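Ready for a few exercises on a protein model? Have a look at the structure, try each task yourself, and then follow the solution step by step.

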Amino acid sequence: MSATNLNWRAIAAIYRFEMARFFRTAGQSLATPVITTSLYFVVFGAAIGGRMGEIDGVGYGAFIVPGLIMLSVLTESLNNAAFGIYFPRWTGTSYELLSAPVSPFEIVSGYVGAAATKSVILGLVILATASLFVPIQILHPLWMIGFLALTALSFCLFGFITGIWAQSWEQLQVIPMLVITPLTFLGGAFYSIDMLPGVWKTVALFNPIVYLVSGFRWAFYGNADVAVGISLAATLGFLVACLGVVWWIFRTGYRLKP
Amino acid sequence: MRPILELDGLTKTYASGLQALKPTTLAIREGEIFALLGPNGAGKTTLIGLICGLLRPSGGVVRVAGLDIVEDYRRARSLIGLVPQELATEMFETPFAAMNFSRGLFGRPPDHALVERLLRELSLWDKRKDRIQTLSGGMKRRVMIAKALAHEPRLLFLDEPTAGVDVELRRDMWALVRRLRDTGVTVILTTHYIEEAEEMADRIGVIDKGRLILVEDKATLMRKLGSKQLTVQLQERLEAVPEALARWRLTLKDDGHALEYRFDTQAEENGIPALLRQLHELGIGLKDLATEQSSLEDIFVSLTRKAA
Ligand SMILES: Nc1ncnc2c1ncn2[C@@H]1O[C@H](COP(=O)(O)OP(=O)(O)OP(=O)(O)O)[C@@H](O)[C@H]1O
Ligand SMILES: [Mg+2]
């Protein structure tokens, strides 16, 4: 498959269609995370943070910013990408996607590309909101954007998979609610995993989100729970795993083509 | 001329083990209107789904304008338009946006003039800026047709285009299909209604329990349709059809109490007066006479019963 015979118009059509949905409801899409983030700062940053010392030389309010952004980006990536593909399956309009001259790569590029774009926009909006509350320093801006984009991309792929796997709206909610939210809270969004007692620290290292949050925080403040190279490798590993599953889905027609 | 669509041994067995389509071989001529007629669950939608890429075939080959739908899926699919049986639309979008989306998916550049023409033709122009959600069922179906035509397909599938559509709209639909045919588009439609197949199709395929049991030019079918039968109720029971009546090829019915004669209404001579004279000469007494026209419906019922 070469770039010239890619169906670029199809990718653009899907991408634009999905982004139009986002911009139509931009108010809602962005208001919720902005309000939630503000509340976190009121509660954690000001009320509790005042009584917490600095972590690794960073004030508590500032320390939690990368974790908060990750928390929102992860959940929104999952939700958006899952919804994006589940909705046409649910309404039945996916028939057109299946009957059109589009390759799996083009379908995924359109849907996941749009969902990831939304997540990155969201992450940046939260960052802007946070900067109104606490002083933020970004030591490695390119890495910051890189981690943000990579995380958005891999979790949108993951969301795409759950959107194809889900057979009902309940199932669509299960993964973000049951898996991601707890993993994020236990993934060092609000603390350094060095603060965990012995065994838990080891347990935490099995949590993939630890690597994302740690790498992302490193891009801000230059210190990390795990080496940044390992964070990057773990994120890329997750991305590749998701790509593998997506490839398998289209090869077998899983839940798309009986 | 190369057929626009060729099926060769196409078959489908669902995961449940049900063989919804038995190996089917069929060729569709470019520019014809082909009606696939069959009862609920016959396999019509399955057949279409296999051709259009919605289902994975269990065996066989499909070629569209000579292009294999698996190996050459891009070129093959860009020739096909599909209006599925179930209503499914982008509820929150406008007809205009939905059509542009469809056209883009099929890799075609935007063409507002074409979109406008189609919307007008389908009486949707006034609704182009409304959310599809707010349209009536018949309008939604027309939006689906407009979407299917947005990339200018050469082969159009209409899966029960007139289900749940009022009489007037049905006529509009028929007119639209004819107009499409006039522009060279081949149309394959499914229907439960014999009347519809009769009205629209150049050829008719009858499918039942996953088997394509008949494919015939409509004209040929109509000729069969033109046959009538005369039933003669006898006063006395006959053991066998008398030798002297052989040329009418009668059948004995009703345990010997009736004779049945099939004749062609279009033939110059139907042979009835001669038959009646002959019966009289043989001294066979008649109780009653009745004629009956066989309809496509009868042919259909007898065919599907035979296949069972
Ligand atoms: N996804 C599926 N999985 C399993 N069986 C299916 C599936 N889709 C259809 N079938 C079965 O295959 C058979 C043929 O169904 P199909 O939808 O092709 O019939 P049809 O001729 O279109 O009927 P109708 O006129 O009611 O639309 C039916 O027995 C149906 O139950
Ligand atoms: Mg059907």
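**Exercise 1.** Find how much area chain B and chain A bury between them, and what part of it lies on carbon and sulfur atoms.

*Solution.* Keep in mind that this is a predicted model. Step one is the area: about 2700 Å² is buried between chain B and chain A. Step two is the atom type: 60% of that area is on carbon and sulfur atoms. Step three is the residue count: chain A brings 30 residues to the contact, and chain B brings 30 residues too.

**Exercise 2.** Describe the polar links between chain B and chain A, beginning with the count of salt bridges.

*Solution.* Start with the charged pairs: there are three salt bridges between the two chains. One of them can be found by going to B:K147 and A:E96, where the closest N and O atoms are 2.8 Å apart. This pair passes the test because a salt bridge needs the nitrogen within 4 Å of the carboxyl oxygen. Next, look at polar contacts across the interface: 14 residue pairs are found, with both residues at pLDDT 80 or more.

**Exercise 3.** Work out which helices of chain B supply at least two residues each to its side that touches chain A, and what kinds of residues make up that side.

*Solution.* The helices to mark on chain B are helix 2, helix 3 (95-105) and helix 5 (137-149). Helix 3 of chain B gives the largest share, four residues. Now sort the residues of this side by type: 16 are nonpolar, six are polar and eight are charged.

**Exercise 4.** Locate the largest pocket and describe its lining.

*Solution.* First the volume: the largest pocket holds about 750 Å³. It is lined by 30 residues, and the closest to its centre are A:P104, A:F250, A:R251, A:K257 and B:R77. Then trace the helices: among those giving at least two residues each are helix 5 (104-131) of chain A and helix 1 (44-52) of chain B. Helix 10 of chain A supplies the largest share, six residues. By type, the lining has 22 nonpolar, four polar and four charged residues.

**Exercise 5.** Do the same for the second largest pocket: which residues are closest to its centre?

*Solution.* This pocket has a volume of about 620 Å³. Its lining consists of 27 residues, with A:Q28, A:S29, A:T32, A:P33 and A:E76 closest to the centre. Helix 2 (26-48) and helix 3 (60-91) of chain A are among the elements that give two or more residues. Sorting the lining by type gives 12 nonpolar, 10 polar and five charged residues.

Technical notes
Residues numbered from 1 in each chain as written. Chains lettered and ligands numbered in written order. Predicted model: local features only at pLDDT ≥ 70, side-chain atom pairs only at ≥ 80, totals over all residues. Heavy atoms only, no water. 1 Å grid on protein atoms, 1.4 Å probe; cavity = no way out; pocket = protein on both sides within 12 Å on 5 of 7 lines; lining within 4 Å. Points joined across faces, edges and corners; volume = space filled by probe spheres on them. Nonpolar A, V, L, I, M, F, W, Y, C, P; charged D, E, K, R; others polar. Contact = heavy atoms within 4.5 Å. Buried area = accessible area lost by both parts, 1.4 Å probe. Salt bridge = Lys/Arg side-chain N within 4 Å of Asp/Glu carboxyl O. Polar contact = N/O pair within 3.5 Å; in protein donor to acceptor, adjacent residues only side chain to side chain.
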